[in-house]
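This report introduces the structure to a reader who meets it for the first time. It begins with a single residue and then turns to other parts of the chain.

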Amino acid sequence: MSSREVEEEDASPPKKLKCSTTFRISVKLPPSLGHHLNLNIQAVSKCLGSAVAKRMSVYGWQISLKRPQIEMVANVMNNTTVLIGVPLSTKPLSERPYLRHIPLRSTVAYAVAYSAIFPHHKYEQPAEKVSVIDPMCGAATILLELVKSFGAHVEYAVGIDNDESQLEKASENVNISQEPFISLIRGSVTTASKMLNRWEFDCLVCDIPFGLKFSTVLSVKESIPLLVQAFHDLLDKRNGRMCLLISYELSDELKQALQLQNQFKLICEHSLRLGKLESVLLVYYR
Ligand SMILES: C[S@@+](CC[C@H](N)C(=O)[O-])C[C@H]1O[C@@H](n2cnc3c(N)ncnc32)[C@H](O)[C@@H]1O
């Protein structure tokens, strides 16, 4: 791809319209691919930027590297494919009017919620409404995303956390959202089933702490067998399913513990990025 090819391709532009939009294109090119294709990011950005500027000059589009109104992204996937992303809204995708506290990015919470309702990632209508528990709910971001986005499929939702300050945030979020289907309880995941008189839920969602602190005595890694037992106790013994978000680092440990327990089957697995942290979303069925 060269600037000359871009120029030659250009059709004669219609009369210029009055308006000005500034844009820039950020290129993502893995270094190994760049080396292989003999391309560098600056050259690709320049080439794509001038191509778009030329095509869109009739609408007053201009390149602005410092403060563009539109930030486009070009992801060079291989030597035949470039994925171009153009924002469709000026608001961030993660913005939610019903959340005051967002400890877990709401788009990630949506992914967990979506997997809970459509575990096979097909838009099949679930046969019945499901009851859902998040036994380490924090500010209840996942439960709120679940009820707001897929409320028609949710019978009721329960959030548990052992930290009072987290529950305060959860309660504020739930109040703002005005969702009556979410109940919040203070307690520990390990004793939740007993506390709820062995009540069983159809679905469990959980954003497992990433190793900072699980309880005062055990690390998250050491607690994984306890968590697995707690999840088993909380779920319907015939059809229970769960969607677990965990750091990539701890995911093998969790998968092994669940395999050892021999109660759940891994349905699918998705890699996600939480800032710089690699994480995994695991969907299990009984
Ligand atoms: C990764 S955070 C969950 C964040 C949550 N997804 C949100 O949106 O806020 C993990 C949560 O687990 C809670 N937690 C840690 N140990 C717990 C335990 N033994 N029982 C219940 N909750 C626990 C922490 O208080 C924290 O809120």
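Arg105 counts as partly exposed, because 17 C-beta neighbours lie inside 10 Å, whereas a buried residue would need 20 or more and an exposed one 12 or fewer. The residue belongs to the loop between β4 (82-85) and α4 (106-117). Once neighbours within four places in sequence are set aside, Arg105 is in contact with Ser94 and Leu274. Ser94 stands 11 residues from Arg105 along the chain, and the C-alpha atoms of the two are separated by 6.7 Å.

The model is predicted. Its pLDDT averages 87 over the protein, and 88% of the residues score at least 70. Over residues 1-9, the pLDDT is below 50; this stretch has 8 contacts in the model beyond near neighbours in sequence.

**Two loop residues with positive phi**

Most residues other than glycine have a negative phi. Gln178 has a positive value instead, and Arg198 likewise has a positive phi. The table sets out these two residues.

| Residue | Phi | Loop | C-beta neighbours inside 10 Å |
|---|---|---|---|
| Gln178 | near 55° | between α6 (164-177) and β7 (182-186) | 7 |
| Arg198 | near 60° | between α7 (192-195) and β8 (203-207) | 9 |

Gln178 counts as exposed because it has 7 such neighbours. Arg198 is exposed as well, since 9 other C-beta atoms lie within 10 Å.

**The nonpolar cores**

In soluble globular proteins, nonpolar side chains tend to be buried together. In this model, the largest nonpolar core holds 57 residues, of which Val112, Val132, Leu143 and Leu204 touch the most other members. Val112, leaving aside its neighbours within four places in sequence, is in contact with Ile142, Val205, Cys243, Leu245 and Leu281. Another core lies apart from the largest one and has 9 residues, including Ile25, Val27, Leu29 and Leu48.

**The surroundings of the ligand**

How many residues surround the ligand, and which are the closest? There are 19 of them, and the closest are Met136, Gly138, Thr141, Asp163 and Asp207. Two elements, α5 (141-150) and β6 (154-161), give two or more residues to this shell. By class, the shell consists of 9 nonpolar, 7 polar and 3 charged residues.

How values were computed. Residues numbered from 1 in each chain as written. Predicted model: local features only at pLDDT ≥ 70, side-chain atom pairs only at ≥ 80, totals over all residues. Near = placed C-beta within 6 Å. Helix = DSSP H or I, 4+ residues; strand = E, 2+ residues; numbered from the N terminus. Nonpolar A, V, L, I, M, F, W, Y, C, P; charged D, E, K, R; others polar. Core = buried A, V, L, I, M, F, W, Y, C linked by C-beta atoms within 7 Å. Contact = placed C-beta atoms within 7 Å. pLDDT = per-residue confidence, 0-100.
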